[in-house]
Amino acid sequence: MRTLITNIAELTTNVAVGDDPCGTMNDAAVLIEGELIAWVGTTEGAPSADEVVDAAGRAVIPGFVDSHSHLVFAGDRAAEFEARMAGQKYAAGGIRSTVAATRAATDDELRARLRGFLDEMLAQGTTTVEIKSGYGLSVADEERLLRLAAEVTPEVTFLGAHVVPAEYADRPDEYVDLVVGPMLDACVPHAKWIDVFCETGAFTVPQSRRVLEAGIARGLAPRVHASQLGPGEGVHLAVELGAASIDHGTYLTEADIDALAGSDTVLTLLPGVEFSTRQPYPDARRLLDAGVTVALACDTNPGSSFTSSMPFCIAVAVRDMGMTPAEAVWAATAGGARALRRDDVGVIAPGARADLVLLDAPTRIHLAYRPGVPLVRAVWKDGASV
Ligand SMILES: [Zn+2]
């Protein structure tokens with residue numbers, strides 16, 4: 001099956017041309033063959049196909065690559081959000097209430113919730129999603145959450161070190177022993193990534209190092225939650241261990257930025273978190289100007305960011321974090337792919353996965369310019385219209 005999309009007013013390929021990292025093309029066409037992109041060019045020179053979709057002057061971008069989510073959980077924390085909007089401060093410990101609800105849920109309940117979130121994301125243009133554990137915090141429950149996540153994505157992250165569970169509150173090092181021992185043994189078969197929340201109220205730098213090094217020794221690739229609630233050593237640890245990404249990075253020092261700029265570690269900004277916890281936004285402009293590779297992700301979770309909308313994150317990143325619309329769209333597609341060390345998604349080029357979004361707008365600028373408006377008109381995932 002060959003599907004040709006023609007008359008694309010603005011095509012974002014993310015194949016850099018000159019000083020345009022978005023590789024923007026006008027009056028473009030894309031040929032999908034099976035699950036892959038077969039050809040990209042102008043409408044005039046387009047090859048024949050079995051099916052032709054006329055974009056009629058609209059924009060096409062790569063499917064969003066959401067490289068940070070926590071989608072396997074039960075319950076919600078609406079009351080906590082309400083209290084926070086009334087002035088209460090966010091603390092990492094709120095994670096424990098979701099842990100209790102998640103442990104009490106059945107596999108089928110968690111699976112139904114997870115699939116609901118994925119449908120919600122697909123409808124908003126997200127075609128690749130990373131999913132973390134971290135609401136089980138026991139050997140059996142962490143294994144269970146990763147097994148459920150692996151049913152729907154290859155980008156599965158073991159985050160047993162999300163927070164110290166209540167039953168280990170006075171003995172955090174014993175909990176780390178569990179994470180790097182029996183829990184890691186049970187989780188390795190389902191996971192690609194190892195992650196840790198390196199933050200005051202979660203895990204110290206030495207504890208985080210233990211977790212990451214144990215995962216690396218078992219073949220998992222590292223990524224790190226750090227510098228969300230205040231400055232710390234998490235960025236340096238992530239860079240030293242060659243992490244694919246450090247996520248949050250709301251409070252960064254000049255030394256952190258220098259370390260990131262000279263590394264292959266992506267900084268994944270999560271605007272939904274600052275929005276939902278009423279924290280100051282990170283200065284993406286400063287990071288981009290320093291040469292740091294920036295990704296945008298939703299961090300969908302019931303505590304600190306219960307949005308699954310990449311267009312929303314783009315709008316906030318442009319409005320409040322100093323990114324241009326082009327930079328924000330790149331960060332939400334190619335940036336997310338870099339954060340997952342993938343080169344087959346986040347890009348529209350021959351041989352890449354045929355994951356595309358047709359916007360009901362003539363340019364990607366509208367994603368920030370028309371916040372809150374459902375602009376996703378059509379989505380292809382692995383070449384199939386969904
Ligand atoms: Zn997170």
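**Entry 1: strand E4 and its partners**

I began at Pro 62, which stands opposite Leu 356 in strand E15, and I kept in mind throughout that the model I am reading is a predicted one. From that pair I followed the two strands and found that E4 and E15, the latter made of residues 356-359, pair in the antiparallel sense over three bridges. I then asked which strand pairs with E4 in the parallel sense. The strand I found is E1, residues 2-11, and the pairing of E1 with E4 runs over seven bridges. As a landmark for this pairing I noted Leu 4, which stands opposite Val 52 in E4.

**Entry 2: the two domains**

Next I looked up how the chain is divided, and the domain assignment gives domain 1 as 2-63 + 347-385 and domain 2 as 64-339. Between the C-alpha centres of these two domains I noted a separation of 29 Å. How many residues of each domain are in contact with the other? I recorded 19 residues of domain 1 in contact with 21 residues of domain 2.

I then turned to the elements that supply the side of domain 1 that touches domain 2, and I listed strand E4 (51-62), helix H13 (366-369) and strand E16 (376-381), each of which gives at least two residues. The largest share of that side, three residues, comes from E16. Sorting the side of domain 1 that touches domain 2 by class, I wrote down 13 nonpolar, three polar and three charged residues.

**Entry 3: strand E8 and its neighbours**

My last stop was strand E8, residues 156-161, and I wanted to know whether it is mostly covered or mostly open. E8 is mostly covered, with six of its six residues buried.

I looked at its pairing with strand E7, residues 131-132, and found that E7 and E8 run parallel and are joined by two bridges. Here Lys 132 has Thr 157 in E8 as its bridge partner. Following the chain from one strand to the other, I noted that E7, helix H4 (residues 139-150) and E8 make a right-handed β-α-β unit.

I also looked at strand E9, residues 193-198, which pairs with E8 in the parallel sense over three bridges. In this pairing the bridge partner of Ala 161 is Val 196 in E9. Which helix belongs with E8 and E9 in a right-handed β-α-β unit? I found helix H5, residues 172-187, in that place. I closed the entry with E8 written down as a member of the unit with E7 and H4 and also of the unit with H5 and E9.

Notes:
Residues are numbered from 1 along each chain as its sequence is written. This is a predicted model: local features need pLDDT of at least 70, side-chain atom pairs count only at pLDDT 80 or more; totals for chains, interfaces and linings use all residues. Domain bounds come from an automatic or database domain assignment. Two residues are in contact if their C-beta atoms, placed from the backbone, lie within 7 Å. Helices (H or I, at least four residues) and strands (E, at least two) are DSSP runs, numbered from the N terminus. Ala, Val, Leu, Ile, Met, Phe, Trp, Tyr, Cys and Pro count as nonpolar, Asp, Glu, Lys and Arg as charged, and the others, Gly among them, as polar. Two strands pair if DSSP finds at least two bridges between them. A residue is buried if 20 or more other C-beta atoms lie within 10 Å of its own, exposed if 12 or fewer, and partly exposed in between; C-beta atoms are placed from the backbone. A crossover is right-handed if, with the strands pointing away from the viewer, the path from the first strand over the helix to the second runs clockwise.
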